[in-house]
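Could you spare a few minutes for a walk through this structure? Open your viewer, keep the selection box handy, and follow along stop by stop.

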Amino acid sequence: MTDNAYWRASLFVPEHMAEDVSALIAAECSLGVAIEDKDTVVPGEKGRTDGMARVTFTSDRAPDYWRLDVQARLADMGVQMDGGVLTVEQQEGDDWAHAWKKYFRPLTLSSRCHVTPSWCESPVMLRGAVNLLLDPGMAFGTGQHETTRLCTAFIDELCRDHKPHRVLDVGCGTGILAMFAKGLGCEIVVGIDNDHQAVTASKENAGQNNLLIDWRLLDPMGDPNGFVALGKFDLIVANVLAEPLIMMSPLLLNAVGEGGHIVLSGILASQAEDVAKAYIGASQNRGRHLTERERRRDGDWVALHFVDYP
Ligand SMILES: C[S@@+](CC[C@H](N)C(=O)[O-])C[C@H]1O[C@@H](n2cnc3c(N)ncnc32)[C@H](O)[C@@H]1O
């Protein structure tokens with residue numbers, strides 16, 4: 001096992017916010033933070049625009065532990081990242097799989113949902129349980145994060161109580177939530193992500209688990225027609241971030257069938273009310289009857305469950 005494995009990440013932020021952003025990152029996850037401004041960033045470099053500084057940091061903790069947290073807290077501070085991009089890369093010379101082995105062990109996320117890393121032996125499962133073999137690659141979604149656990153618990157319960165036929169996972173990452181839905185018996189499952197690495201990881205993971213799922217490289221806001229063409233769903237799960245969830249609210253509402261369910265996460269507790277208002281507002285504007293049925297919290301994170309009453 002490589003003990004000195006670490007990850008390096010960088011993002012562009014407005015120059016006047018660079019110090020505040022660095023302080024936040026240092027507190028969240030970092031071994032070290034560096035700021036490069038107009039004097040040090042190579043002119044013409046991707047992501048560089050006037051008035052922007054690049055903040056680069058290193059962490060010895062796997063990205064699932066801090067990537068979503070950093071993104072959500074920066075959005076909460078009003079930091080507009082360049083194109084919303086936080087690039088993460090493994091340090092050269094390190095072995096990605098070995099680095100992950102330090103962190104990723106078999107996990108139980110809900111009563112019927114379990115995850116085993118592809119390099120570990122599967123524990124013995126009870127009948128009816130789903131045990132996913134998972135290789136995280138570069139995508140988010142090993143099952144370690146609070147938001148993944150919150151969504152999984154809802155999926156487990158909704159599959160038991162309502163048996164949704166068509167399920168959509170928005171922001172599928174490793175494909176973990178879509179795969180749980182499929183494993184728990186949902187007939188048609190679609191997973192979308194705007195990151196090609198996520199779609200690739202999802203395809204590989206679903207293949208490894210013999211689960212037939214329709215994976216698409218798709219951003220609902222970037223290609224609303226492509227999104228509408230996916231049709232209506234009985235259950236939509238979206239573990240993204242508060243801001244894109246709010247922007248997607250009319251689209252997700254249109255995509256949920258009458259009597260259907262929406263589960264949202266990637267939301268800090270301080271942002272939950274704004275997200276809830278956006279969905280209830282979008283529903284009222286369209287003469288629908290979306291109701292927030294439950295709000296659950298795990299640490300600083302929240303998941304919202306809405307039902308569209310016919
Ligand atoms: C927090 S991860 C969730 C991964 C996995 N579903 C889970 O619950 O662990 C969020 C995912 O949403 C994707 N994403 C972010 N914005 C998106 C957008 N506008 N359209 C589609 N996917 C998006 C990211 O690429 C990332 O894979």
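Before the first selection, one cut-off: a residue counts as near a molecule if its C-beta atom, placed from the backbone, lies within 6 Å of it. Please also keep in mind that you are looking at a predicted model.

**Stop 1: the ligand and its shell**

Select the ligand and display what is around it. Which residues are the closest to the ligand? They are G141, T148, G171, G173 and N239, out of 26 residues that surround the ligand. Colour this shell by residue class and you will find 14 nonpolar, 9 polar and 3 charged residues.

Now switch to a cartoon view. α4 (146-161), α5 and β9 (188-193) each supply at least two residues of the shell. Which element gives the most to it? That is α4, with 3 residues.

**Stop 2: D193**

Stay with strand β9 and select D193, which is found there. Is D193 buried or exposed? D193 is buried, because 27 other C-beta atoms lie within 10 Å and 20 or more are enough to count as buried. Leaving aside residues up to four places away in sequence, D193 touches G171, C172, G173, A198, V199 and L217. Draw a distance from D193 to G173: the two are 20 residues apart in sequence, yet 6.8 Å apart in space, C-alpha to C-alpha. G173, you may recall, is also among the closest residues to the ligand.

**Stop 3: the sheet of 7 strands**

Zoom out from β9 to the sheet it belongs to. This open sheet of 7 strands has the order β10-β9-β8-β11-β12-β14-β13, with mixed pairing. At its edges, select β10 (214-217) and β13 (290-298), each of which pairs on one side only. Looking along the sheet, expect a twist that averages 15° from one strand to the next.

For a closer look at one pair, select residues 256-268 (β12) and 301-308 (β14): these strands run antiparallel and are joined by 6 bridges. Within this pair, H261 has V307 in β14 as its bridge partner.

Next, add α5. This helix lies across β8 (166-170), β9 and β11 (233-239), and runs at about 180° to β9.

**Stop 4: the sheet of 3 strands**

Select residues 107-108, 113-117 and 130-134, which are β5, β6 and β7. Together they make an open sheet of 3 strands in the order β5-β6-β7, again with mixed pairing. β5 and β7 stand at the edges with a single partner strand each, so one side of each is left without a neighbour in the sheet. Helix α5 (residues 176-183) packs on this sheet too, touching β6 and β7, and its direction makes about 145° with that of β7.

Start with the hairpin formed by β5 and β6, with 4 residues between them. These two strands run antiparallel and are joined by 2 bridges. On the other side, β6 and β7 run parallel, with 5 bridges between them. Which residue of β7 is the bridge partner of H114? It is N131, while in the pairing of β5 with β6, T108 has H114 as its partner. Switch on a burial colouring and you will see that β6 is mostly covered, with 4 of its 5 residues buried.

**Stop 5: the nonpolar cores**

Show the buried nonpolar side chains. The largest nonpolar core has 66 residues, and those with the most contacts inside it are I155, A181, I236 and I267. Pick I267: not counting residues up to four places away in sequence, I267 touches A242, L245, A272, V275, W301, V302 and L304. A second, separate core has 16 residues, including A9, L11, V55 and L74.

**Stop 6: two loop residues**

Finish with two residues that are not glycines but have a positive phi. K163, in the loop between α4 and β8, has a phi of about 45°. With 13 C-beta neighbours inside 10 Å, K163 counts as partly exposed. N210 sits in the loop between α6 (196-208) and β10, with a phi of about 55°. N210 is exposed, with 9 other C-beta atoms within 10 Å.

**Last view: the whole chain**

Select everything. The chain has 10 helices and 14 strands, and of its 310 residues 42% count as buried.

Methods: Residues are numbered from 1 along each chain as its sequence is written. This is a predicted model: local features need pLDDT of at least 70, side-chain atom pairs count only at pLDDT 80 or more; totals for chains, interfaces and linings use all residues. Two strands pair if DSSP finds at least two bridges between them. Two residues are in contact if their C-beta atoms, placed from the backbone, lie within 7 Å. Axes are lines fitted to C-alpha atoms, for helices over the stretch in contact, and angles run from 0 to 180 degrees between N-to-C directions. Ala, Val, Leu, Ile, Met, Phe, Trp, Tyr, Cys and Pro count as nonpolar, Asp, Glu, Lys and Arg as charged, and the others, Gly among them, as polar. A nonpolar core is a set of buried Ala, Val, Leu, Ile, Met, Phe, Trp, Tyr and Cys residues joined through C-beta atoms within 7 Å. A residue is buried if 20 or more other C-beta atoms lie within 10 Å of its own, exposed if 12 or fewer, and partly exposed in between; C-beta atoms are placed from the backbone.
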